[in-house]
Amino acid sequence: MGETPVEVLRRWEDHGAVWRALHVSDAHAVVELCTCGGEPVERLESSDPELIGFLREREDASDRRPGG
């Protein structure tokens, strides 16, 4: 069995790269995987509920940051 979409994002971060959520709905998510410098490399698209929840938690956390 391969990596879950959340595992892919965590591995991406662990290697110093970045990602951006382009679209998150109740049914589908689209995430742009980028280099450390922010250049898009590929897209991750999924309807995995775990991924959607993970992305929403990240959005909520960024809304609580001072100045964010």
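These legends go with close-up views of a predicted model.

**View 1. The sheet and its strand order.** Here's the open sheet: 3 strands, ordered β1-β2-β3, with antiparallel pairing. The edge spots go to β1 (18-24) and β3 (40-46). Each of these two has a single partner strand, so one side of each is left without a neighbour in the sheet. From one strand to the next, the twist averages 20 degrees.

**View 2. Helix α1 on the sheet.** Residues 5-14 make up helix α1, which packs on the sheet and touches β1, β2 and β3. Compare directions and you get about 155 degrees between α1 and β3.

**View 3. Where β1 meets β2.** These two strands run antiparallel and are joined by 6 bridges. To pick out a bridge by eye, look for V24, whose partner in β2 is A29.

**View 4. Around E32.** E32 sits in strand β2, which covers residues 29-34. Is this glutamate buried or exposed? E32 has a relative accessible area of 13%, and buried means under 20%, so E32 counts as buried. Leaving aside residues up to four places away in sequence, E32 touches V18, W19, R20, L22, P40 and E42.

**View 5. Two cysteines, C34 and C36.** C34 is buried, with a relative accessible area of 0%, whereas C36 is exposed at 56%. If you're hunting for disulfides, the count comes to 0 when cysteine sulfur atoms have to be within 2.5 Å of each other.

Key: Residues are numbered from 1 along each chain as its sequence is written. This is a predicted model: local features need pLDDT of at least 70, side-chain atom pairs count only at pLDDT 80 or more; totals for chains, interfaces and linings use all residues. Side-chain values use heavy atoms; hydrogens and water are left out. Helices (H or I, at least four residues) and strands (E, at least two) are DSSP runs, numbered from the N terminus. Buried means under 20% relative accessible area, exposed over 50%, partly exposed in between (1.4 Å probe, protein chains only). Contact means heavy atoms within 4.5 Å. Two strands pair if DSSP finds at least two bridges between them. Axes are lines fitted to C-alpha atoms, for helices over the stretch in contact, and angles run from 0 to 180 degrees between N-to-C directions.
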